[in-house]
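Visitor: I would like a close look at a single part of this structure, the sheet. Please take me through the strands and how they pair, and then show me what lies around them.

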Amino acid sequence: MPEVNPPSNVSAPLHKEKSSSSMTDSLLSPDRSAVVWRERLKRVARPQTLISVFLASSAFYCFVIGRDRYTAVSEFVIQQATPLNTSAASVLAGAAAAPQVLTSLVDGQYLQVYLESSDVKTRLFPDSKQLEQDYSVKFPDLWSGLSANSSAPQQLDFYRKQLSVSPQPLSGSVILKTSGFRPEQALNLNNSLVKQSRRFVNEVNQSINADQNKFARKEVQLAEINLKAATRKLELFQEKHGNLSAETEQAATSSFISGLESQLVELKVEEAALRRQYRDPDAPEVSFVADQVSELQAQIREERKRAVSANGRDLNTLALEEAGLRSDVEFATQTLQSARLASDNSRRESQRQLKFVVVLSQAQLPVAPDHNWRWQAFLASVGIVVVAWGVGGFVLNAMQKS
Amino acid sequence: MIFFQRLFTAIQRQVAIVLAIATYENNRKSTASSIGAWETIVGPLQLILFFIGMRVGFSLLRGSNRFAAGGTSDMYFNVVMFISTGFIMVFLFRIVALKALSGLKLRAPLYYPRIKPLDILMALAVNDFRAIATISLGIMGLVWLFTWSFQLDSPGLAFVVYMLTILMAMGFGICVTFLSNLNKWIVRVIKRLIARVLIFTSGIFFATFELPEYARPFVTWNPVLHSVELFRYSINNQYPIPDISFNYLVCCSMLLIGFSLILYRTNELQLLEANDD
């Protein structure tokens with residue numbers, strides 16, 4: 001049945017009257033208005049509405065008001081001038097016998113920590129106000145950017161978000177991605193970070209090489225001092241005992257005693273022959289030779305005693321002492337030779353093992369904004385809703401049922 | 001405009017049906033077990049914990065040499081996180097695909113003709129997704145809590161990969177269901193294949209980059225490996241994924257779900273089973 005509408009001129013005052021009465025009612029009864037508002041809120045606060053609002057606001061931010069972000073990518077490798085031998089390892093780590101790729105990977109990992117450090121941030125942005133200005137928050141996107149009067153940890157956190165350093169374990173190269181709100185910002189940051197990487201690798205290399213060389217030179221000096229001391233001791237020993245060499249003297253004494261002994265043997269033979277020749281053993285010819293033999297024996301005993309006794313020349317002890325001193329000199333000489341060789345090797349190796357940052361792909365000025373973050377953020381919002389629905393639903397249901 | 005309105009209403013109705021079936025199935029399962037609906041997560045959780053234990057044991061035996069050829073996965077992930085990310089994706093695929101193979105029936109009379117086998121499969125997938133998502137969120141939360149390092153570099157990619165895996169599992173399940181109608185032996189063989197081959201080629205225990213280059217083609221045919229590795233990559237963007245392609249995963253998922261829907265559309269009657277027995 002069609003509804004009959006009253007004429008508008010009649011309904012207007014009626015409507016006015018009605019609305020004025022409802023206004024009076026609402027003014028007079030606050031309880032009723034609270035109920036109305038509660039009902040409205042209940043209608044709005046339904047899960048479907050809340051989810052829709054959340055997703056819509058996420059989409060609105062991600063695709064409408066979110067500021068453009070530009071990405072610059074470069075790739076480089078920390079390479080040695082010549083291939084490593086087996087004993088050489090990373091310039092920064094102690095992994096022995098590591099292959100070239102792994103050495104570069106380890107260097108890349110150190111570089112990653114270094115580039116994300118506060119030190120590099122301070123080098124690149126010495127003035128924190130300038131950093132705040134460069135990356136300031138701009139309307140309508142009040143979410144991204146660095147707010148004015150931000151604290152140092154906030155600035156460092158923001159700086160770290162602007163770069164991503166990824167060492168590649170398969171190739172050993174390092175991929176450096178930087179982002180910015182303007183194309184130049186991303187490119188400049190990338191180039192500055194590559195410069196910092198070069199500086200880092202060279203500085204560490206040079207300081208390690210300088211330390212190694214310094215150590216080797218110190219060793220040479222020490223060996224020289226030791227050699228001088230050992231030689232001086234030997235000289236003093238020789239001066240004290242008034243001989244050139246105790247060993248030579250010992251040898252001379254030995255040969256002298258040997259000569260006497262051989263003479264003794266000859267005389268004994270002669271004495272035996274004379275005893276057979278003469279019947280009287282006290283014959284003057286026999287006595288003469290026998291006396292010579294006994295004298296010679298006494299002389300040999302005396303010579304032996306003089307050579308080894310403490311009261312005599314004590315050649316054995318002197319020879320031992322001298323041998324010790326000589327071996328000290330010899331050892332010091334060999335040590336000096338080795339130290340000189342090591343120093344020379346260290347100098348040459350440090351030149352040979354110098355590392356360089358070889359840029360494989362230079363960063364280019366981005367020509368278009370990177371939309372990846374928009375999709376990532378929006379899909380993350382969808383994911384949050386789906387996972388919350390899935391997990392929340394499951395847990396609530398399980399709790400109810402159990 | 002009217003078309004879109006009708007489409008939206010139809011989708012809303014279908015979603016309501018699927019959710020109702022999911023609730024029904026969940027209720028039925030929770031009454032069948034002494035621990036209620038928690039039963040759904042206890043089984044996979046046991047297996048995950050067993051394999052995490054194995055992996056940790058092997059790591060201890062091997063020693064902590066991170067500088068083996070090409071480095072190892074523990075440079076990028078905590079071992080628990082590594083294994084559980086693999087299991088989450090493989091289990092999602094395995095459970096959904098095996099459910100389709102086990103027969104799409106509700107163990108109750110289908111009084112309502114609007115409930116189709118596809119709705120049942122989707123409802124089962126929803127339940128499985130909820131259970132696995134609960135497990136994954138729990139494990140990730142615990143790991144993040146203990147290590148105090150929250151990391152999810154590409155949440156959008158993680159979500160997309162998760163959804164693509166569900167789609168792929170559903171597509172694979174439907175295709176295989178039609179195949180299994182030909183011969184019961186095929187069902188057995190496929191079940192075994194899914195259970196064994198999938199576990200050992202899906203990268204649960206290894207990372208693709210840990211394999212030598214000549215060995216990679218033997219495993220990269222498996223799209224589940226791509227979803228596992230991409231999921232890990234989405235958590236940590238520094239994780240290397242050689243020979244892993246997002247496009248390959250998208251192609252496999254779309255081809256499987258598309259082909260399965262065509263099959264389903266033309267042979268729906270074959271899937272209708274008597275549920276009143």
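Guide: What follows goes through the sheet strand by strand and then turns to the helices, the cores and the other chain.

The model is a predicted one. The sheet is in chain A, where four strands form an open sheet in the order E2-E3-E1-E4, with antiparallel pairing. E2 and E4, the latter made of residues 355–361, stand at the edges of the sheet. Each of these two has a single partner strand, so one side of each is left without a neighbour in the sheet. Direction ignored, neighbouring strands of this sheet are turned by 25° against each other on average.

Start at the edge strand E2(A), which covers residues 163–167. Its side chains alternate between two faces. A:Leu163, A:Val165 and A:Pro167 point to one face and are buried, whereas A:Ser164 and A:Ser166 point to the other face and are not buried. The partner of E2(A) is strand E3 of chain A, residues 173–180, and five bridges join the two antiparallel strands. Two pairs of residues show how they line up. A:Ser164 stands opposite A:Lys177 in E3(A), and A:Ser166 stands opposite A:Ile175 in E3(A). E2(A) and E3(A) form a hairpin with five residues between the strands. In this hairpin A:Gly172 takes a positive phi near 85°.

Now move to E3(A) itself. Six of its eight residues are buried, so E3(A) is largely enclosed by the rest of the structure. Besides E2(A), strand E3(A) pairs with strand E1 of chain A, residues 70–80, in the antiparallel sense over eight bridges. Across this pairing A:Val77 stands opposite A:Ser173 in E3(A).

E1(A) is in turn joined to E4(A) by six bridges, and these two strands also run antiparallel. A:Val77 can be followed here too, since its bridge partner in E4(A) is A:Val358. Thus A:Val77 faces A:Ser173 in E3(A) and pairs with A:Val358 in E4(A).

A:Val77 also leads from the sheet to the packing of side chains. In soluble globular proteins, nonpolar side chains tend to be buried together. The largest nonpolar core of this model has 75 residues, and B:Leu92 and B:Val96 touch the most other members. Helix H12 (372–401) of chain A supplies at least two residues of this core, and so does each of several helices of chain B, including H1, H2, H3, H4 and H5. H5(B) gives the largest share, 16 residues. A second, separate core has 20 residues, among them A:Val77, A:Ile78, A:Leu189 and A:Leu193.

For B:Leu92, the contacts can be listed, leaving aside neighbours within four places in sequence. They are B:Asp128, B:Phe129, B:Ile132, B:Thr165, B:Ile166 and B:Ala169.

Two places in the helices of chain A make a contrast with the enclosed strand E3(A). Helix H3 of chain A, residues 47–65, is hardly covered: one of its 19 residues is buried. At 1.5 Å a residue, H3(A) should span 27 Å, and its end C-alpha atoms are 25 Å apart, which agrees. The other place is A:Glu295, in helix H10 of chain A, residues 284–308. A:Glu295 has 12 C-beta neighbours inside 10 Å and therefore counts as exposed. Its C-alpha atom is 9.4 Å from that of A:Leu264, although the two residues are 31 apart in sequence.

Last comes the other chain. Chain B has eight helices and zero strands. Of its 277 residues, 40% count as buried. Among contacts in chain B between residues at least 6 apart in sequence, 80% join residues at least 24 apart. The contact between the chains takes 26 residues from chain A and 28 residues from chain B. On the side of chain B that touches chain A, the elements giving two or more residues are H1, H4 and H5 of chain B. The residues on that side divide into 16 nonpolar, 11 polar and one charged. H1(B) has 31 residues, which at 1.5 Å a residue should span 45 Å, and its end C-alpha atoms are 45 Å apart, in agreement. Within H1(B), B:Val18, B:Ile21, B:Ala22 and B:Asn26 are buried.

Note on methods. Residues are numbered from 1 along each chain as its sequence is written. Chains are lettered from A and ligands numbered from 1 in the order in which they are written. This is a predicted model: local features need pLDDT of at least 70, side-chain atom pairs count only at pLDDT 80 or more; totals for chains, interfaces and linings use all residues. The expected span of a helix is 1.5 Å times one less than its number of residues. A nonpolar core is a set of buried Ala, Val, Leu, Ile, Met, Phe, Trp, Tyr and Cys residues joined through C-beta atoms within 7 Å. Two residues are in contact if their C-beta atoms, placed from the backbone, lie within 7 Å. Two strands pair if DSSP finds at least two bridges between them. Ala, Val, Leu, Ile, Met, Phe, Trp, Tyr, Cys and Pro count as nonpolar, Asp, Glu, Lys and Arg as charged, and the others, Gly among them, as polar. Axes are lines fitted to C-alpha atoms, for helices over the stretch in contact, and angles run from 0 to 180 degrees between N-to-C directions.
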